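Hi,

Here is the structure I promised to pass on. Have a look at it first, and my notes on the sheet follow underneath.

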Amino acid sequence: MSSDNFTSDIIKGATKGFLDWSSENIALLVKKFKEKKLAFIKDPQTIEIVKQEYRSGESKFYQKYVKNKEILFLVRIGLVLRKLENNETKLQNLRDKIFRRYKVRGLHIAEFVQAGILNRYLGLIIEDLSFVEELEKEIEEVLGNIEKHTLFVKYNENPFEIIKKVSNIVDSHTPRILIIFGIKSSIEIIRKAKEKIKQLMKNYELGEVSGKDKEILFFKRKLHKNN
Amino acid sequence: MELISLKDAPLESKISLLKELGYNSDGEFVLNAKGDKVIDKYIEVPVKINNMVILPGSEVILDDN
């Protein structure tokens, strides 16, 4: 897992599966490898998924507006996570690796993209932007300070803890948009806390994405006429 | 760049490949010339031979993914 330059060469490369693994051929392969004409990969399917994601419109869009290389890499990894949602083993493998390398913050950025939250977030703020340059700042702000904007609900929390956390976030920095996100067991926790949170967030409009695999609440601060 | 899949390569061939590159294997992990386990520099775990990728640029051996 890397964000180095060779990633793009790998993406452009064509995969060969079957090979003559005789010692003569291995020596020939090593010669080509040392000339930087080939690389040895494990699973062509993984490379194909990454290739598709690097070429996708979503990836190209974020490439244009995310200048921080580490954050862009995590955005792209988030798109790959989304592609792996039907393969639980690979999905968990990649999540573990993101966590080892980029800790909780990196995993949260990737999950934020995987769940489509970043796309929706931009949909909510884009009408408030006057210049396209602001989009770049907004994306880097929300991803760079992801914990300020998003409450990632853990499976072992209870609804009261969530309500308290929301209250603390709103009291401390009154975010323009607050997102509450949960998967698996956290879905029910969010659903149980939702009504109380709505009461706390009277100055916010609620949008939600509710499904069997995730629950996302988007609270957007209401704009007053004199603002 | 040409990409060679190691997915279906026999274990002996992977070991031969590593030896040709100056590495080795105990059958499970990739070892360097000193016999120490090669550590994936990005995720800091020993690289298993069945999960390795070998990329050009100072011979970077990494765990898959």
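β5(A) and β6(A) pair in the antiparallel sense, with seven bridges between them. This is a predicted model, by the way. A hairpin of three residues takes the chain from β5(A) to β6(A), and if you want a spot to click on in this pair, A:Val209 sits opposite A:Ile216 in β6(A).

On to the other partner of β6(A): β4(A) also pairs with β6(A) in the antiparallel sense, again over seven bridges. There you'll find A:Gly182 opposite A:Glu215 in β6(A). Six of the eight residues of β6(A) are buried, so the rest of the structure largely encloses this strand.

Then there is β3(A), which runs parallel to β4 (residues 177-183) of chain A and is joined to β4(A) by three bridges. A:Phe152 faces A:Phe181 of β4(A) across that pairing, standing opposite each other.

Put together, that gives an open sheet of four strands in the order β3-β4-β6-β5 (chain A), and the pairing is mixed. Its edge strands are β3 (150-152) and β5 (204-210) of chain A, each of which pairs on one side only. From one strand to the next, the twist averages 15 degrees.

One helix to look at as well: α7 (residues 117-125) of chain A packs on the sheet, where α7 touches β4 and β6 (214-221) of chain A. The direction of α7 makes about 160 degrees with that of β4(A).

Cheers

Note on methods: Residues are numbered from 1 along each chain as its sequence is written. Chains are lettered from A and ligands numbered from 1 in the order in which they are written. This is a predicted model: local features need pLDDT of at least 70, side-chain atom pairs count only at pLDDT 80 or more; totals for chains, interfaces and linings use all residues. Two strands pair if DSSP finds at least two bridges between them. Helices (H or I, at least four residues) and strands (E, at least two) are DSSP runs, numbered from the N terminus. Axes are lines fitted to C-alpha atoms, for helices over the stretch in contact, and angles run from 0 to 180 degrees between N-to-C directions. Two residues are in contact if their C-beta atoms, placed from the backbone, lie within 7 Å. A residue is buried if 20 or more other C-beta atoms lie within 10 Å of its own, exposed if 12 or fewer, and partly exposed in between; C-beta atoms are placed from the backbone.
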